[in-house]
Every structure is written in C-alpha cells, then in structure tokens.
Amino acid sequence: MAEGNADRDGTVCPRCAVGCRLRAQRDHSRAKGVAGPANPDGRLCQKGVQAFESLPDADRITRPLVRSEGALEPTTWADALDRVVEGIEATVEEYGPDALSFMGAPRSTNEANYLLQKVARTLGTNNVDNRARLCHVSTATALSRRIGWPASTNGLADLRDADLILTVGANPAQRQPVAFNSYVRPALTDGAALVHIDPVGNQTTRVADVHISPRPGTDAVVLTLLCRAVLDAGGHDESFIDRRTASFEQFTDALAVIDRERLTGRAGVDWATLCRTAARLADADRIAAIVGTGIEDDDCAASDALVNLLLLTGSFGRRGTGIYVFRGLANEQGATDAGCVPDRLPGHQPVTDPDARSRVADVWGVEPPPTAGLTAHQLLAQSGEDIRAAVVVGENPAVSKRDPEWVETRLDGLDTLAVVELTHSATTRHADVVLPAGAGVETRGTVTNLDRQVQPLRPVYTPPDGVRSDWEILRTLGRRLCGGQFDYPDMEAVFEEFTRVAPTHHGMAVPGTDGTRWPSDSGRVLYREAFETASGRAPFVVPPLTVGTPDSDGLTLVVGGRATAVERATDAEQTVRLHPEDATTRDITDGTRVRVGADGVTVEGVATVSDTVRTGTVFLHAQLADALLRTDTRAVAVERAE
Ligand SMILES: Nc1nc2c(c(=O)[nH]1)N[C@H]1C(S)=C(S)[C@@H](COP(=O)(O)OP(=O)(O)OC[C@H]3O[C@@H](n4cnc5c(=O)[nH]c(N)nc54)[C@H](O)[C@@H]3O)O[C@H]1N2
Ligand SMILES: Nc1nc2c(c(=O)[nH]1)N[C@H]1C(S)=C(S)[C@@H](COP(=O)(O)OP(=O)(O)OC[C@H]3O[C@@H](n4cnc5c(=O)[nH]c(N)nc54)[C@H](O)[C@@H]3O)O[C@H]1N2
Ligand code: SF4
Ligand SMILES: [Mo]
C-alpha cells in the first residue's frame, strides 16, 4: 500500500468502524492514539488501547486444517486449497453455481472483499453477502432507495455543527465511543440538543435532553407521529421540500388521516412529549440523525420514517445535518462498498443494471449474473438444502441472531464449508477446511470507516509462520477456480482494479495517512445540490404503520449490546433487566435468579430491576437472548428460577 510505516504513521484500529488511527508503543503491549481523520485529538477507547494485545499464540490457527474422519487435522496449504477447489468444482458441476455461498469479510480489507465477490460472480453466482446484513441493512436499503448511497451522508466532524442530534436504536456513547466523545459531546457542550429514541435507557440516554421510550418495534409509528407533529406546528422546510423532494402531497394526505390516538397508544408514547420534541425539531436549523441496529425491521419502515422526518425538516446537504449509519466492525462499510452484497456490484451498482454489468465485464472479461443472489439470512436458511458449499471469510455465522442449534444444523448440512479464520470459532467447529489468516494488525490493505473514509492498514506485527493474508488466499483460490483474471502482482493492483470497477471510487489513489472519502470527489457533505436518484429528488414514502397488540401476559424481549469474541463475557451479559412494576408482580428483586422462556426454551440470568426499561419489556444482552430467537415472536415469560 502507500508508503509509510506503522511505527511512525500508525495504522487503523481493527476493533471498530470509527476507524481511529493508532500506533504501537515500543513494547507493543498497548496502543497509543495518533491524530487521524476519525480521532483528531488522537483519542482511543479502551478497546482501541488493547487493539495490539494479540491473540495468545496457543489460540491461533497456524496450519491449514482439513476434516478427516470427523476431526480437523493439520495439513499443507496445497492439500487444503485442493480440498476447497474440489468442493467448489464438484458443487458447481452437480448443482450449478447458485448452490455456492460466499460470506464476506467485514473485518477484512476492501481488497479481500473485492476478491471474494469477484470469485463468486466469476463462477456465476451473486450468492455473496456480509455481516452488515445483521446490523444496518434496513437503513442501508432505505437510503439506497430514497436518496442514493447506503452510507453516512456527512463526515463525523459535521456533527459539531448540528443543533439537534437524533439518535435512534443506537448506543454510540458505548458502541462507538471515540466518535461520540470527539463529536457528539462537544456539540452538546456547545448547546446542541440530543433526542434519544430507544425502549431502553443506556449510556447515551444519560446525556440526552429528551428520551422517547417507545414499545420495541414501533419506531416507524413514533417517527411518523413526529412528522405529523412537525407539520402541525408548521415546522417543515417548505423551500427544501419544494426544491429537493417528491410525493409530498401524498405524504401529507396520508398523515392527515392517521389515527393519532390509536397509534400513540400502540407505541406507548405520549402525544404531548412528541409535540414538545417536534417543537425542538422545528426550531433547530441543523438536524443530524445517528442510527444503530435497534431499528432493523423487515420492511425498512422505521428507516423510511426517519428519512421522511429528515426530508421534512430540510436536514440533508448541509454541514450539521444528514444521517449517520453508525456501523460496527472495522470494514462493515467497505465490505458492502466492495460488492459483498447479493444485489449490488462493487460501488453499489445494481446487478440488475445491464450497463453496470457490462462495465464490470469490460474489466473482468466475465459478466456477473443478472439476478440478485440470496442474502446472508437466506444463505444460512438454505444451507444443506439448495446451498451445498460455502466459503466464509472473517466472520462467524454460527452466531447469527438466531437460535444456535438451528444455525449449527444448517452449517452441518453443507457438503463443503471452508472457513478463513485466525482462531477456532463456533463456525470452524463445522468446517471441512480451515485456512489460517493474518489478523487486522498484521495486514496491509484498506478499510473504510463509518463516515466513508478509506484508510490504509499497516502491519504492526509479523504474522505467525504458516498463515496467509485474506487477500492472498482469495487470489490463489481465484486463480485456481477462475484463471488469469486473478493474476494480481500485488495488493495495489487489486485496489486499482476496484477503483476502476466501482464508480464511487473512480480515480481514487491508494490512500495515504490522511485517508480519502468516497465518492471520489464528494468531500464531507453528500447531496449538496441533488440526491443520487434518477430525478435528483428524494421521495417521501408512507411507511406501513401496522403495530401488533402487545402480549398481555408476557413481556416483550428487547435485545442489545452484543459483545464480540475478543471481549470476554462479563456478568453484565447475564443480566435480565426489567421494570419495577413487572418485577413486583413476579416477586422478583435485584439479584433474583430468573428464568426467561419462549416456545419451550428457557435461559437463566440475574435480575436487575430498573426503570430504564419500560413496563411490559425485558432487556437481555444478545448473548443470552440468542437461544430464545426461534420464532419471530418477541413475547417471553419471566419468572423466578428458584
Ligand atoms: N464494545 C463493543 N462495541 C461494539 C461492538 C461490540 O461487539 N462491542 N459491535 C459493533 C457492531 S458490529 C455494531 S453493528 C454496533 C452496534 O451498535 P448499536 O446498534 O448502538 O448497538 P446496541 O448496543 O446493540 O444498541 C442497539 C440499541 O437498540 C435498542 N433497541 C432494541 N430494540 C429497539 C427498537 O425496537 N427501537 C429502538 N428505537 N431501539 C431499539 C437497544 O435497546 C439498544 O440500546 O456496535 C459496534 N460496537
Ligand atoms: N445473536 C446475535 N448475533 C449477532 C449480533 C447480535 O447482536 N446478536 N450482531 C450482529 C452484528 S451487528 C455483527 S456486525 C456480526 C458480527 O459477527 P462476526 O463478523 O461474525 O463477528 P465476530 O464473531 O466478532 O468475528 C468473526 C470472526 O472473524 C475473525 N477475524 C477477525 N479478524 C479477521 C481477519 O482479518 N481475517 C479473517 N479471515 N478473520 C478475522 C475472528 O477470529 C472471529 O472469529 O454479528 C452479528 N451477529
Ligand atoms: S472507537 Fe472504535 S476505532 Fe476508535 S479506538 Fe475505539 S474500538 Fe478503535
Ligand atoms: Mo455490526
């Protein structure tokens, strides 16, 4: 990659999507922050400080493994790669390329992700996806459909100019701490207001001016009621609506007839609070929204409603406005940009667009298939059925917001499962071949953070003998499976090809220390003059406002705060948080061991009684909640365990 050395210029923190720059101290134990685009003061959070505490050697996989008589046994690279190639070729021969599944690498580089989707598409399938599917897909989808790119519209530094920051289904104070402390807190100190919409109070709520705590899953209703209240107060931006949007009349017509009382009742919010919040929104000149994983839904209704609210208040195209997709893993944004998604080619071009396909074919010599592939959820659900072989790079699909037993059965049903990994995981347990990879701190390449900054990674450690980097593994697999189209002399050649194939990255040079943003000529603020849609305007849409009736006996499960593999499970993760009223009726007090059950499955934890959760709901950390996620219902029973 670009000239530079990790000791002097630092590298990018591999731990999250904020993309802080850091370098190793002399003894390599702790990282030290270096001023970078995402951490201008050189700050790091605790996770970042520990970023170089590499995995204990004993935990690393340093030799390829293949399954033999039920057990994974060490072997040579040649043998392991042969096994993967044979498995894929046999699958294609017997079932066709759509029986293959490629699961992308949100912790790995843009280059590795680009190669992974190129292998899939050159073999003839769009069955390639990545884990961002589990975090921000509905927001990404709403943004693609309505305004242009599935990414944050503004640079982080712009948050400093906001008058009002709206945080929905997110806990950035804890999950993206340096972004929060460097940009949100100073804006609040300068007088900006923070409105937090979340059924549970968390670290972010502590500094909020307004906390709206709706029933889980009712954000589309709440945000639409807020639109209605803004309109009632005359707080909408007529000039912006006139110049930049479409379908406003249909929208206001629909809002005029919504049943306000029924909807506030269903969402469990109070109209007077919404009106006071709408007055703040109407007064604010610059409104920015931060979105997390809490508003993911199947029909993008919540994200659509949020985009409506931002359009209504003229909150796009200027500093201090816009929508921030607070992504999670170091390259969650980049994996998607590089095309590890079933319906988009690199640079977010639809696979269904013949011109886009033929532009890609000009570079690859092979045209990608024209119909969208399966999503990560569908790929898992079909594993062992229509999907017969899978290649997983740098992710752990065995942990998938689903009942673990269900996932394990799917993974075991595959004829071939190849996993590119650093260490043993819940997924390698089911693998037929494991290919040992270099970690983020041992790697060169580029990653893209949550505000579209493409930054260079530089190795801080030498990888253990025997491992290869993700991109090299994929280059070799590509050569073996697809031929000369994968003869890259070095990683720069992969980046250069990516910038030719992805219109968003056209003309981008390999980034140096300062990073560089896509789209190549955009700067910090997207959509200053027009949206990236056919007409240049962004349409209002009327989201479906169906809200189920809350279950009268049970509590509604709210899930948040998953900890990654590198964070040790803490006591906090065993916590079952419930409201004092719900606790009293169940004879539960702080510290009582409780059982949470649904559909014949129960998990046990320790009660924390707190009014940070609303009545009728119970909050569990993701680790504990997984086993309960067997069906779509979120109604659970909570009782004393003893
Ligand atoms: N320390 C640490 N930091 C991380 C990660 C990690 O593993 N550890 N993971 C990273 C990753 S991959 C990601 S994607 C991000 C995730 O970042 P966040 O999305 O901020 O993560 P969560 O803490 O799960 O917050 C989700 C919030 O949504 C709320 N919520 C649940 N249901 C609803 C609902 O129906 N409506 C609304 N409005 N809110 C709801 C929950 O109460 C919770 O507060 O974090 C990243 N940061
Ligand atoms: N139940 C439940 N499941 C969830 C979530 C939840 O809240 N609840 N959250 C979801 C979210 S938001 C996300 S983003 C995903 C995250 O899910 P995953 O992406 O699966 O995250 P991890 O399990 O932390 O890491 C996956 C593996 O990548 C390996 N790895 C790390 N760096 C590299 C690298 O450079 N190269 C290679 N080849 N491997 C590497 C690690 O050893 C680890 O085993 O989880 C999702 N799954
Ligand atoms: S905020 Fe994220 S990128 Fe920054 S130091 Fe912490 S973990 Fe690393
Ligand atoms: Mo994520």
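Two strands are taken to pair if DSSP finds at least two bridges between them. In this predicted model, strand β23 (residues 555-560) meets that condition with strand β28 (residues 635-640), to which 2 bridges join it in the antiparallel sense. Here Thr556 has Ala635 of β28 as its bridge partner. Strand β23 also pairs with strand β27 (residues 617-621), this time in the parallel sense and over 5 bridges. On that side, Val559 finds its bridge partner in Leu620 of β27. As a reminder, strands of a sheet pair through backbone hydrogen bonds, either parallel or antiparallel.

Another region of the fold offers an open sheet. Its 5 strands follow the order β10-β9-β8-β12-β13, and the pairing is parallel. The edges are held by β10 (210-212) and β13 (322-325); each has a single partner strand, so one side of each is left without a neighbour in the sheet. On average, and with direction ignored, neighbouring strands of this sheet are turned by 15° against each other. Looking at the β13 edge in detail, strand β12 (residues 287-291) pairs with β13 over 4 bridges in the parallel sense, and Ile290 is matched with Tyr324 of β13 as its bridge partner.

Helices pack on this sheet as well. Helix α12 (residues 271-283) lies across β8 (164-168), β9 (193-197), β10 and β12, and runs at about 130° to β10. Helix α13 (residues 301-312) touches β8, β12 and β13. The direction of α13 makes about 170° with that of β12. Both β8 and β12 thus appear among the strands met by α12 and among those touched by α13.

Attention can now turn to ligand 2. This ligand is surrounded by 26 residues, of which Arg107, Asn396, Glu421, Asp470 and Asp626 are the closest. Sorted by class, the shell contains 9 nonpolar, 8 polar and 9 charged residues. Polar contacts to the ligand involve both backbone and side-chain atoms of the protein. On the backbone side, a polar atom of Gly394 is 3.3 Å from an oxygen atom of ligand 2, while a polar backbone atom of Val420 is 3.1 Å from a nitrogen atom of the ligand. From a side chain, a polar atom of Asp470 lies 2.8 Å from a nitrogen atom of ligand 2. The protein covers 91% of the 910 Å² of accessible area that ligand 2 has on its own.

Notes. Residues numbered from 1 in each chain as written. Chains lettered and ligands numbered in written order. Predicted model: local features only at pLDDT ≥ 70, side-chain atom pairs only at ≥ 80, totals over all residues. Heavy atoms only, no water. Near = heavy atom within 4 Å. Polar contact = N/O pair within 3.5 Å; in protein donor to acceptor, adjacent residues only side chain to side chain. Areas by Shrake-Rupley, 256 points an atom, 1.4 Å probe, with all protein chains shown as cover. Nonpolar A, V, L, I, M, F, W, Y, C, P; charged D, E, K, R; others polar. Axes fitted to C-alpha atoms, helices over the stretch in contact; angles between N-to-C directions. Contact = heavy atoms within 4.5 Å.
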